[in-house]
Amino acid sequence: MELSRRALLGSAIAFAGVRIGSFSVSCSLEESRKAFHGLPPFTGAAGQSPVLVESSVGLAIENLAWLERKGILIHQPRTVRGPAWVRFDWPISAMIRDFGRVSPISGGVVIARLNDLPVAVRKGPLVVLGSPLGPHVYAGDRDACALLASLTQLP
Amino acid sequence: MKKAIGDNLIPKGWTLENGLALIHKAGFDGVELWLGDKPWFQMSATDAEVRNLRRKVEDAGLVVSNVSNTLDWEIPISSRDPTIREKAKQHIKRQIETAQILGADAILVVAGLVTEETAYNEVYRRTVDNIRDLSEPASKANVRIGCENCCSEQRFLISPREFETFLNDVNSPWVGLHLDVGNIHDTGFPEQWIEIHGPRITRIHVKDVHRKRGRCGDQSVYTNLFLGDNNWVAIRTALEKIRYDGWIIAEMESVYRYAQDQQFFDTSAAMSRFIEGRM
C-alpha cells in the first residue's frame, strides 16, 4: 500500500456506503452520498453485485485493506492544477472534471485516465474511482449522470 | 469543427468580392454575415439580392456559417416601446428568412438589453415572451436562434445558470446559446458555460479577453486569440466533452494598424491550432 497512514488519516472521512438496487457504492464525500442517495451503509462484502468504490479524498483503512486483498492499489493522492478532465472509456465514453486531487489506481483494467495517469479501474464486479464522481452527479453534470446511469445498469 | 469569420471584419473600402476572396485565401471555411452592417446585407435587401449574396459566397469557395445582426443594440427586443419591439421582431424574422435563403441553420441575436431606465425584471419577461414567439418561425424555417451572451455590455443573463433558467423559460428546442468565449470577462469561465449548456450551444464566437483590464478608458478589453486570459486548452477540452463539432467563428476587433488583411491570416492560423488542439 503506497498511501501512507499519515496521509490517509489526514484526509480520511467516515466511510459510508449506499445501495441502488443490487448496485453498491462506497464513498466518503457528503455530496457523493447525496448523489448516490442515502441508503443503509455498505460494508464492502456485496458478493458479485456491481460495487462502485469512490476514493480520492479519503477511505478508511479497513476498506483500503479490503481493496488490497482484491489486488487493487490506491496510490498517494496527487494535486491537480487548473481545470482538468478525467476521461472514461468504459462503460461509456465520458469526461468528468477532476476534484482537485486524484488518486492513481492500479491492479485492474484501467477505465479512466487523467492525462496519462490511470485513475479508475474495474476488476470483476468492482469499479474503483480515484477521482470523485458523486459531486459532479449531484451538480447535474451530463457526463457524470450518464456515466453513473450506465454503471448502475451493468449486469 | 469548421472555422468562419464575420464579414464585418472585411476592411473598410474593400468590396464584398475582395473580402470573400481574402477570407477564403486565409483558410476559412465560411463567413458569418451581419445583417445591418455592410452595404451588401441590409434590411432593404430583397430575396433576389440575398440569393445573389449566397452565390458570391459560394463562388468564393465559402459557405455562410450563420446570420448575425448589428441592429439589436439600437432596436432591442426588450424595449418598453412596442413599436421598437415590433421592429426588433421584424429584423429577427428577416434574419431567419435570410438564413434559410443563405443555407444557414442558425442566427445570432442579442436578446434583451438592460439599461438604467429599463430594469432587469421587465427586460427578462419581455425577452422570454418575444423570443418564444420567434421560435415558431424559426422552427418552420429549420433555423435555430442563438442568443448571444454579451454579459457586461448587455447587463443581462450574466451567469451560465441564469442563462440556463432563461432558456428553460423560453422552452423551445429552436432557441439556444450562441456562446462568445470572449464575452465572459472576469464574471466566469467559458469552459464552465460550455459544460453547462452543452447541446444548447448553436455556435461559438472566439476572441481573447484581458480579464483584468475591464471596460474603462479607450483600451479594449478584447484581443486576438492566445494573447489574453482565456484558458484555451480548457475551452477546447470542454468542447470535446460536449462533442461540439460545429462552427467556430472569429469575432475580432480590427486591431491591425497596418496590413489589415494580416489579421485574417493570423486569426485563421490560431483557430486551426485551437481546433487541432495544438496549444
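**Cavities, pockets and rings in a two-chain model**

Okay, let me start inside chain A. The second largest cavity has a lining made of V86(A), F88(A), I96(A), R97(A), V119(A), A120(A), L129(A), G130(A), S131(A), P132(A) and L133(A). Before I go on, keep in mind that this is a predicted model. That cavity holds about 40 Å³ of space, and the count for the structure is two cavities of 30 Å³ or more. Sorted by type, its lining has eight nonpolar residues, two polar ones and one charged. Which strands supply at least two residues each to that lining? In chain A those are β6 (85-88), β7 (94-97) and β11 (117-123).

Staying with β6 and β7 of chain A for a moment, the loop between them is where you find P91(A). The peptide bond leading from W90(A) into P91(A) is cis, with omega near -5 degrees. As a reminder, most peptide bonds are trans. W90(A) also has a charged neighbour: R122(A) lies over the face of its ring, at 4.4 Å from the ring centre.

Now the pockets. The largest pocket comes out at about 390 Å³. It has 20 lining residues, and those nearest its centre are N8(B), W34(B), W73(B), K207(B) and E251(B). The lining splits into eight nonpolar, four polar and eight charged residues. K207(B) turns up again in another role, since it lies over the face of Y222(B), 4.6 Å from the ring centre.

The second largest pocket has a volume of about 340 Å³. Who lines this one? From chain A we have R97(A), H136(A), A139(A), G140(A), D141(A) and R142(A), and from chain B we have R161(B), E164(B), Q192(B), E195(B), I196(B) and K241(B). So both chains are on the list, and R97(A) is a name you already heard in the cavity lining. The elements giving two or more residues to this pocket are α6 and α7 (190-197) of chain B. The top contributor is α7(B), with three residues. By type, the lining has two nonpolar, three polar and seven charged residues.

Next, α6 of chain B, and the aromatics. There are eight aromatic pairs over all chains. One of them is F163(B) with F166(B): the ring centres are 5.9 Å apart and the planes sit at 85 degrees, so that pair is edge-to-face. Both residues are in helix α6 (residues 160-170) of chain B, three residues apart, which is about one turn of the helix. Are these two buried or exposed? F163(B) is buried, at 1% relative accessibility, and F166(B) is buried too, at 0%. The pair of F226(B) and W232(B) is also edge-to-face, at 6.1 Å centre to centre and 80 degrees between the planes. Here F226(B) is partly exposed, at 35% relative accessible area, whereas W232(B) is buried, at 5%.

Back to F163(B) and F166(B), because they belong to one aromatic cluster along with Y120(B), Y124(B), F156(B) and W193(B).

Let me move on to the backbone. Just ahead of α6, in the loop between α5 (151-154) and α6 of chain B, is R155(B). R155(B) has a positive phi of about 55 degrees, although it is not a glycine. R243(B) is a second case, with a positive phi of about 60 degrees, and it is not a glycine either. You can find R243(B) in the loop between α8 (232-241) and β10 (247-250) of chain B. R243(B) is exposed, with a relative accessible area of 51%. For context, most residues other than glycine have a negative phi.

Last topic, cysteines. How many disulfides are there over all chains? Zero, after a search of the whole structure. Take C147(B): the nearest cysteine sulfur belongs to C150(B), and it is 10 Å away. For C151(B), the nearest cysteine sulfur is again that of C150(B), this time 7.4 Å away. A disulfide needs the two sulfurs within 2.5 Å, so neither of those distances qualifies. C147(B) is buried, at 1% relative accessibility, and C151(B) is buried as well, at 1%.

That's my tour; happy to pull any of it up on the screen.

Terms used:
Residues are numbered from 1 along each chain as its sequence is written. Chains are lettered from A and ligands numbered from 1 in the order in which they are written. This is a predicted model: local features need pLDDT of at least 70, side-chain atom pairs count only at pLDDT 80 or more; totals for chains, interfaces and linings use all residues. Side-chain values use heavy atoms; hydrogens and water are left out. Buried means under 20% relative accessible area, exposed over 50%, partly exposed in between (1.4 Å probe, protein chains only). On a 1 Å grid over the protein atoms alone, a cavity is a set of points where a 1.4 Å probe fits but cannot get out, and a pocket is an open set with protein on both sides within 12 Å along at least five of seven lines; lining residues have an atom within 4 Å of a point. Grid points are joined across faces, edges and corners, and a volume is the space filled by probe spheres set on the points. Helices (H or I, at least four residues) and strands (E, at least two) are DSSP runs, numbered from the N terminus. Ala, Val, Leu, Ile, Met, Phe, Trp, Tyr, Cys and Pro count as nonpolar, Asp, Glu, Lys and Arg as charged, and the others, Gly among them, as polar. Rings of Phe, Tyr and Trp (its six-membered ring) pair if their centres lie within 6.5 Å; planes under 30 degrees apart count as stacked, over 60 as edge-to-face and the rest as tilted. A charge sits over a ring if NZ of Lys or CZ of Arg is within 6 Å of the ring centre and within 35 degrees of the ring normal.
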